[in-house]
Every structure is written in structure tokens, then in C-alpha cells.
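Please open the structure in your viewer and keep the selection panel at hand. The tour below goes from stop to stop, saying what to select next and what is to be found there.

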Amino acid sequence: MTKFVYMFDEGNSKKKDLLGGKGANLAEMTKIGLPVPYGFTLSTEACNLYYEDGKSISTEVKFQVLEALGKLEEKTGKKLGDPSNPLLVSVRSGAVHSMPGMMDTVLNLGMNDDTVEGLAKLTENPRFAYDSYRRFIQMFSDVVLDVDSYYFEQLLEETREKKGYTSDPEMTEEDWREVIKGYKEIVMKHARRTFPEDPKEQLFLSISAVFDSWNNQRAIVYRRLQKIPAHLGTAVNIQSMVFGNMSNDSGTGVAFTRNPSTGEAKLYGEYLINAQGEDVVAGIRTPQPIATLQYEMPEVYQQFIDTCQLLEKHYQDMQDIEFTVERGELFILQTRTGKRTAQAAIRIAVELVEEQIINKKEAILRVDPDQLNQLLHRRIDNSYERKQIAKGLPASPGAATGEVVFDADEAERLAKDGKKIILVRSETTPDDIHGIVAAQAVITSRGGMTSHAAVVARGMGKACICGCESLKIDLKSKLFKVGTTTVNQGDMITIDGSTGEIMLGEIPMIDPQLSDQFQVLLTWADEERKLGVRANADNPEDAKKAVEFGAGGIGLCRTEHMFMDINRIPIVQDMILAETYEEREEALHKLLPMQQNDFEGIFEAMGGSPVTIRLLDPPLHEFLPDKEELLVEVTKLQMTDINSKDLKEKEHLLRKVRQLDEFNPMLGHRGCRMGMIYPEIYVMQAKAIFYAITAVMKKGIDVKPEIMIPLVGHVNELKEMRRLVINAGLQVQEETGQEYNYLIGTMVEVPRAALTADQIAQEADFFSFGTNDLTQTTFGYSRDDAEGKFLQAYIDNKILPKNPFASLDQEGVGKLVEIGVKLGRETKPGLKTGICGEHGGEKSSIQFFHDAGLDYVSCSPYRVPLARLAAAQANIKNEQKQRVIERQTILNL
């Protein structure tokens, strides 16, 4: 026979998967002798059986519940439904992972017209008894009978007003009797049944309701946000009631053993005298700070302080504790690990080490790497009201306020005038880079969280919202509409890149605060991690930021971003539009010193750390004007000024744009394919790198360059491009007399490169996996189209477990990474391998890369601290797994 029901003294904290977090903690507190009202727990297995049986409680589970109820009655000396000495219980949910407020609770169960009178006589407090009865009717009817609580609150408010009261404690026994009568009429009207008087019927209906709440809408949404598996189910805890609303020496409250906002080691919380738990939550009465309890009930306060210290030391973490005081006696109803801000999480972890409660490794595991984003970007002051008008994808964290601008050139101009602006576009291209640089933040109505706008904004540490399809952008009129709201160019808006919210007006910001504990924790992480952490940086400013955040080098420097400077675009376009080799060489000759200057700044900023430079990757047409816009301009000129010089130039430009235009640019003439056809472009870039190396080395600064050839799919492509780079280096070496060491490698971003990595490794000194494009080419998804059109539906409908562009698809794309590493090192055992896609800054992907044996991950500068922490956690978790395996091996022997 399967055991589905456990008394509190039959469990412990290790049975969390079975008893849920709340049930396991109640059992553990009972075990260590704390004053916990006794009870029992229906396991998560009982919940899953409930759903398997078509949302029905099985006969076996009912039998075990009644058996446990008998033990509870024996322990308390009270009996459910006994008018002379009634047992009242609470029925609460208790998921494996904390889901505060997401599921349902019923308090005071067991009350009816008979037991309320018995309770009144026993307590000699009829007012309290009838107050508890009306609370039970309201809560049970809301949770179990699906009667909206509004009807009960409305009647209660009307009664208070009629009697001239301002709060519930003023209500008398007779007042509550009157309210109860009205409540039962509400039940009959809206539930079309009488209120159930049988306590056992109440009990099983409440258990079913709590099981049902596992799949209510808010619980489903919360699980999705917190990545909690849907199959776990919830436990149900049946616990004997204690009453904070019995008298003025009773009360209820919630407290944290440390401040959940700052992490300060000081009791933090609030309580209410003569109240039950829901009064604190409902906000009908204003709670008092927990510190004032020492003046009203000094002995209880000291006992609570001692209990808090005991619980924190026992669980070795900050605790969130619910308590009730009944006639001067303290009871602990619940304890759980407290939710906290990133700032608090770091401070608590470090101080617990200093207090010798936990060790450094445990402290590292205590902080969620994703939380660090809160500390590295400005954020909105939540004490101010938000007037949200739209919501998109939270593509890059942080917050910003600025004037709306729809054009990149205009954004740059206004920024130079000292204005703060937010660039709003349907989507961005490399042509908009100067506008993104100038903007405080970026919004697009199309594209996903790894679109151009998102990737560039994250790299710059700018807030960004993508795929906000409710924005109807009118570029001609320079405005966007959301429903009936119109926002014109120049209007002020605020965005929160962490939530995807767009708000009207200016909202005050809070600057990032990097505490000493933050630096200490990351230093501990660096001691533990085996995986290197580099940054993706395209300019000296980003490189300096990367060093500031602890990057050990640059894993990806995208040279195309250097071409997008407003002063360089005309020269770049001359290069592209050149009709002859000589014309192209003339343009490249002008670009070379510009690129050299860029590389010098980056090499100097990195001070001898490795720098991986990717040669030009995107197709050339991305540096030219938009074809559709150009066609409109040509058509207008043909109608108005057929003989103008401007028309001939634009017609020539349109011909070239059409010539370069591709049906599928992702799979078209880009990366090394472009270098094969126009080798002079890569020669210029290689020479610029070598000239920069020479100049920086002459300043006494060490340089460790790594030149990366993009989009290689066949070893012969890399062989040809490797020869080109080496020859360019020899020419510069002969010219300058400077000798230097460097590596030549490739970005593995198409499946064939991974599958033939043993051949490609013959020509490569390193591999860097470009998992953004590798995900696209493996799935056959266009990233922006997928995220904007169907990917979320796939996730919602469980076709895919998560967005593969945000978190690495380990079964498919990950397998290609593993194959690439294995085959590459079979050819070259010492082959350096890294990853430079967006996945380099995502914690579960970092765990995978650690396990796959990569040497480093590379991510945006603002995600470097996250990656450092996640890499340390990956190594610690692997060590823990290994110890478990070793212990099991010894036991098996």
C-alpha cells in the first residue's frame, strides 16, 4: 500500500519532493522541538493521483486522511465537529518549490452552527468565535464554492458603515451573527446551495480545491516564469488552528530573519494584534513593525527572536517565518527560505560565511546568477507609480528615460545636443548602430530577444525591448500608437528592459550599487571556476568595461560594427559600390588606418589578455540603404526631376543594392564566402590588425591576438583564408621588422563545421562556437521570425521546453558542440575551444559548456559577472555529483 499521508513527526526537511516545501519544514520544525501546531500532510503523490483519477480523491487517500485525522484528534484532545470541544484546522497548499500566494488556503475549517457555539463557551469569547465563523464562510466560499469574495467584503463594509465602525475589532457578537446570516444568503444566491455544515465534507472539498489550485492560471504563469515543472504537484497541509484573533494578547505576523531588500542582519517584518493571517495580507488594517512587539509582548518577542536565530542556524539561510500568538503563547506556522533582492542575496551569502554558518562554496551556490543583472544596470524606483502603455520582450535589462526618436541619424544629432533619447524602430540593422550608441535605450516592434537590437543593446549595457507588436509605428508622421494612446517624437517615455514595460513620462531611477560583498563573492567564484570568462566587445569603451567586470579577455570583437561609424559609412559604401579592383583598393586604403586605430584601442584596454577578432561577417548589402526606401526615392525623382544628377546616382545605387540583395542573407554571400570572392577586404582587415599589434607592442604592452574566420563550412575555406592572413602578416612583418605571435581559428556556426571538425582543426588554432547562428542553422529557424511569430506558442504548448536562442538546445545544438570539441581535439589535443554566442551569458548553458570541456565562454561585458558566478557554480555542482558517485561506489562495494 502506498503511503500518501504523513503526520508532522513522520517527516523531515529531506522529504521536500514528497511533502512539499511547507510540509517538509513543518515536519523539520516539529522534529527540532519548536512550537508548531500539530497536523499532517497529503503528499505530492496524492495530488498527482488526484489528477490521474479525473480530479477525484481516491478511497485509499480518504481512508489515510481519516486515519491521520484520528491521530490529530487524539494528540490535541479535540474532535472535528464536536460542539463541546471542536477541532478546527487550516488547509494549505505546499509545493516543492516556493510559490507564495499562487495557490489556495482555507482557515478555521470545522466551523458550523453547532461548533461556533461550543467555541464561544470554551473560550468565553463569543465575539471571537463568530468572527472566526464568518472568516471561514467567506474563505471557504471563495476558494471551494467559487463565490467571489467581493460580495462578502461589500456586505461587511456596508455593515461597518451602518454601525459607525472603522475596523473589524469593533464588531460585536451580534454584529457577526448578522453578518453570518447575510453571508449564508450570498452563498445560496451565488453557489445555489446551502453552506456545508458537515466538517468532513468541508475537509475533503477543501483538499480538492487546493489540489485544483495547482493548475489555476496564476500558478501556471508563475511556474512558467520560475521554470518550475508542471508535473510536481502540490502537497496539502492539514494543521490544527491557533488563533491570533482571540484577544488583545493574541496576534499574527510575518518576519524575515534578515532584511530581504538589503540583507542587513536585523529582524524584518510586521504583525497585527487581535488578527488572523489574512488580515496582514489583505491590508484592511495597518500592521506594526515587528520591533514594536517587544513593548507589547516582551516575553513573546524574546522567544520569537530566539526561534528566528535557531531556525536560521538550522537551515543555514535567511528564513521567512509566519507566526501566531494565542493568548500570549507563540506558535510557528511556517518557515521557508526567504525571497530576496540580488543585493540582499550577495550580502547574506558573504556574511553567513563570515559568521561561519556556511562555507565559501555554499555562498557561491546561494546567489542566482540571473539576479546579478539587477545590480549592473540602472533600475526604476518602484516607489513611484508606473503608467504602463505597452509591453514587449525584455531583451536587455536596465531602465531608461528619454524622448522618443524614430531615426538613427536624428538620435545621434539630438544626443550630441545633450538630449536623452530612446530609439524606436520597427527593427534595427547594423545601419542603425550609431543611433543605438547615442540612445539611452532601444524599442523595436519586431524581432526577438536575440535580434540585432537586443544583441547590440546587451553588449552596450543598454536597456532594450523587442517584439512589442502592439506598437503601431508611423515613421512618416513620427509617432506610434498603442490602442487609443498616441506618442509623438519628442514625447518622454520610460522603459524597463527587465520586464518589457513601456511607460509614459519620466520615472526616477536608482543607480547600480556594487557592494564590497559583490566583489568578494566574485573573487571566491574565480577561485572555484575552471571555465574562463571573456567578453564580446567591439570598441575600446566596451573592452574597458569588460576588464572592469573581470573578463579574462575578448572572445568576440565584431569588426563590422567598426564600419558603421557615421564618418566611415560613405567610404564603406564606396568600397561596396566599386566597379573595379582599383576603386575598391582605394576605399580599403582609407579604411585601414581607421580599423588599425580601433584595434590599437582594444589591445591597449585589454593589457595583454587575449583578443579574438572576427573578420567581416554580414553580407555587404547590410551597409547600403534600404532597397524599398531607395526605390521610393528613385520613383519620386523620375516623376519630378528626370534629368537630375541625384537621380542617376540613386539609380546606380539601386542597381547595386538589387545586385547584392539576397533571398536568404543568413545562408548567402557572407562571412568567409565574401572573403573568398573579395579577398582584398580580409587582407585590409588582417593588415590593420598586424599594424595595430606592432604599434601597441612598441609601447611595451603585450598583445595576444586571435584572428577568427567566420562561417567556415569546409576545411578548404579555412585553408585559403588562413593562407591569406599569414601572407598579410608576413608583409607587415617585413615592412615593420616587428615579430609577433598570433592564432588563427574559426567560428563554428554551421552544422557541417561541427561534423567535420577533425578536418577543419587541421587548419585551426582554436574553435569558437557561434551558437546564435548554429542554433539558426540547426533548427532551420530565422531567429527574428521565429521569436516574433511562433516560438512563444511552441513554448506555451510544450513543443519546445524553452527558447533555444535564450538557453542552449542541449540535445541538438549542444550535441553538435560536443561533437565539434571531440573531433577537433582528436586532431589537435590542445585545441582551444570557446563559445561566443548569447548562450555564453546564460547559466544553464554555461553548466553545459563546462561539462563539454570548453576552455572559455564569452558574453556581453554586462553579463561577465553572471558568467563568472555561473562557471563557479558549474564546477562546484560537478564536484558534489562526483562525491555522491564515489560514496555510492563505496557503499556498493
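At what angle do helix H26 (residues 679-698) and helix H27 (residues 715-736) cross, and within what distance do their axes come? Select both helices in this predicted model: the axes of H26 and H27 come within 9 Å and cross at roughly 45 degrees. That angle falls neither under 35 degrees nor in the range from 65 to 115, and H26 is therefore oblique to H27. The crossing of H26 with H27 is right-handed. To see the contact itself, show the side chains on the H26 face, among them Tyr 682, Val 683, Ala 686, Phe 690 and Tyr 691, and then those on the H27 face, including Met 721, Leu 724, Val 725, Ala 728 and Val 732. Coloured by class, the contact between H26 and H27 comprises 11 nonpolar, 4 polar and 2 charged residues.

Before the next stop, zoom out to the whole chain. The C-alpha atoms fill a box of roughly 105 × 80 × 50 Å along the principal axes, and the chain contains 35 helices and 31 strands. Of its 893 residues, 57% are buried. If you count contacts between residues at least 6 apart in sequence, 69% of them join residues at least 24 apart.

Next, select helix H1 (residues 16-31) together with helix H12 (residues 298-315), which pack at an angle of about 115 degrees with their axes 12 Å apart. H1 and H12 are therefore roughly perpendicular to each other, and their crossing is right-handed. On the H1 side the residues to display are Asn 25, Glu 28 and Met 29, which meet Leu 311, His 314 and Tyr 315 of H12. By class, this contact of H1 with H12 is made up of 3 nonpolar, 2 polar and 1 charged residues.

Keep H1 visible and add helix H2 (residues 44-52), whose buried residues are Thr 44, Ala 46, Cys 47, Leu 49 and Tyr 50. Which elements cover these buried residues of H2? The cover includes H1, strand E2 (39-42), helix H3 (59-76), helix H8 (199-213) and strand E5 (234-240). After H2 comes Gly 54, with a positive phi near 70 degrees.

Two further residues with positive phi deserve a selection of their own, this time outside glycine. Most residues other than glycine have a negative phi. Asp 146, however, has a positive phi of about 60 degrees; Asp 146 is placed in the loop between helix H5 (126-143) and helix H6 (149-163), and its relative accessibility of 68% makes it exposed. Lys 478 has a phi near 55 degrees, again positive, and sits in the loop between strand E18 (472-474) and strand E19 (479-482). With a relative accessible area of 40%, Lys 478 is partly exposed.

Now move to Ile 507, in the loop between strand E22 (501-504) and strand E23 (509-510). Is Ile 507 buried or exposed? At 5% relative accessibility, Ile 507 counts as buried. Leaving aside residues up to four places away in sequence, Ile 507 touches Ile 380, Asp 381, Tyr 384, Glu 385, Arg 386, Thr 401 and Thr 494. For one of these, Thr 401, the C-alpha atom is separated by 7.2 Å from that of Ile 507, although the two residues are 106 residues apart along the chain.

A second buried residue to select is Gly 824, found in helix H33 (residues 813-827), with a relative accessible area of 0%. Not counting residues up to four places away in sequence, Gly 824 touches Ala 757, Asp 758, Ala 761, Phe 767 and Leu 831. Add Gln 762 to the selection as well, since a C-alpha to C-alpha label should read 8.3 Å between Gly 824 and Gln 762, which are 62 residues apart in sequence.

For the last stop, select the cysteines. How many disulfides does a search of the whole structure find? The search finds 0. The sulfur of Cys 466 has its closest cysteine sulfur in Cys 464, at 3.6 Å, which is too far for a bond, given that a disulfide needs the sulfur atoms within 2.5 Å. For Cys 859 the closest cysteine sulfur belongs to Cys 836, at 11 Å, also too far for a bond. Cys 466 is buried at 0% relative accessibility, and Cys 859 is buried at 2%.

Terms used: Residues numbered from 1 in each chain as written. Heavy atoms only, no water. Axes fitted to C-alpha atoms, helices over the stretch in contact; angles between N-to-C directions. Helix = DSSP H or I, 4+ residues; strand = E, 2+ residues; numbered from the N terminus. Parallel < 35°, antiparallel > 145°, perpendicular 65-115°, else oblique. Left-handed = near helix turned anticlockwise from the far one by under 90°. Contact = heavy atoms within 4.5 Å. Nonpolar A, V, L, I, M, F, W, Y, C, P; charged D, E, K, R; others polar. Buried < 20%, exposed > 50% of the residue type's maximum accessible area, 1.4 Å probe, protein only.
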